[in-house]
Amino acid sequence: MAKPGKSGIARIIDAAKYSKQGLSAGLKHEAALRQELLMAVPLTIIAFFIADSAAELCLLILVPWLTFCAEILNSAIEAVVDRIGDEYHELSGRAKDLGSACVFILLWLTVIVWVVFVGEDLGLWSFA
């Protein structure tokens with residue numbers, strides 16, 4: 001059974017409000033989220049100057065922002081686990097570790113994508 005609530009434009013407005021609250025809380029309380037943002041913003045700007053195609057621009061912008069989104073989800077997992085209790089539990093530790101692993105993989109993906117495209121632009125290698 002569906003949860004009763006608003007629909008249409010009112011639901012969209014509420015969802016935007018909740019998203020803004022989530023971003024504000026995350027940036028206030030999570031250093032890692034602030035760090036990911038400090039990575040994503042300049043990389044996005046730089047991407048417009050170094051991209052050679054629309055596809056390259058999309059990849060260069062997409063990967064740091066996916067990392068930022070993964071950090072949001074990781075922070076959400078950590079908040080829920082911490083809300084439950086601070087005593088050690090194997091599943092709680094696993095949940096936190098899996099969230100962290102997701103961010104770690106996306107960070108490396110960001111590095112790889114940027115190194116490939118910047119290296120090609122610098123003439124270090126060519127994939128054509």
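Here are some worked exercises on the predicted model above.

Ground rules: residues count from 1 along each chain as its sequence is written, and side-chain values use heavy atoms, with hydrogens and water left out. Local features need pLDDT of at least 70 and side-chain atom pairs count only at pLDDT 80 or more, while totals for chains, interfaces and linings use all residues.

**Exercise 1: aromatic pairs**

Find how many aromatic pairs there are, and work out the geometry of each.

Step 1. Start with the rule: rings of Phe, Tyr and Trp (its six-membered ring) pair if their centres lie within 6.5 Å; planes under 30 degrees apart are stacked, over 60 edge-to-face, and the rest tilted. That rule gives two aromatic pairs.

Step 2. Take Trp-65 and Phe-68, an edge-to-face pair with 5.5 Å centre to centre and 80° between the planes. Both sit in helix H3 (residues 54-84), three residues apart, about one turn of the helix. Helices here are DSSP runs (H or I, at least four residues), numbered from the N terminus.

Step 3. Check accessibility, where buried means under 20% relative accessible area, exposed over 50%, and partly exposed in between (1.4 Å probe, protein chains only). Phe-68 comes out at 6%, so it's buried, whereas Trp-65, at 27%, is partly exposed.

Step 4. Now Phe-104 and Trp-108: edge-to-face again, 6.4 Å centre to centre with 75° between the planes. This pair belongs to helix H4 (residues 90-121), its members four residues apart, about one turn of the helix. Trp-108 has 47% relative accessibility, so it counts as partly exposed.

**Exercise 2: the largest nonpolar core**

List the residues of the largest nonpolar core, then say which helices feed it.

Step 1. A nonpolar core is a set of buried Ala, Val, Leu, Ile, Met, Phe, Trp, Tyr and Cys residues joined through side-chain atoms within 4.5 Å. The largest one has eight residues: Met-39, Leu-43, Ala-47, Leu-60, Val-63, Val-113, Trp-114 and Phe-117.

Step 2. Helix H2 (31-50), H3 and H4 each put at least two residues into this core.

Step 3. Zoom in on Met-39, leaving out residues up to four places away in sequence: Met-39 touches Pro-64, Thr-67, Leu-107 and Thr-110. Contact here means heavy atoms within 4.5 Å.

**Exercise 3: sequence gap against distance in space**

Compare separation along the chain with C-alpha distance for Leu-66 and two partners, Leu-106 and Gly-85.

Step 1. Place the residues: Leu-66 is in helix H3, and Gly-85 is in the loop between H3 and H4.

Step 2. Look at Leu-66 with Leu-106: 40 residues apart along the chain, yet their C-alpha atoms are separated by 7.2 Å.

Step 3. Swap in Gly-85, which is 19 residues from Leu-66 in sequence and 29 Å away, C-alpha to C-alpha.

Step 4. Add the surface picture. Leu-66 has a relative accessible area of 38%, so it's partly exposed; Gly-85, at 19%, is buried.

**Exercise 4: Ile-105**

Is Ile-105 buried or exposed, and how many Å separate its C-alpha atom from that of Leu-38?

Step 1. Ile-105 lies in helix H4. Its relative accessible area is 56%, so Ile-105 is exposed.

Step 2. Ile-105 and Leu-38 are 67 residues apart along the chain, with 18 Å between their C-alpha atoms.
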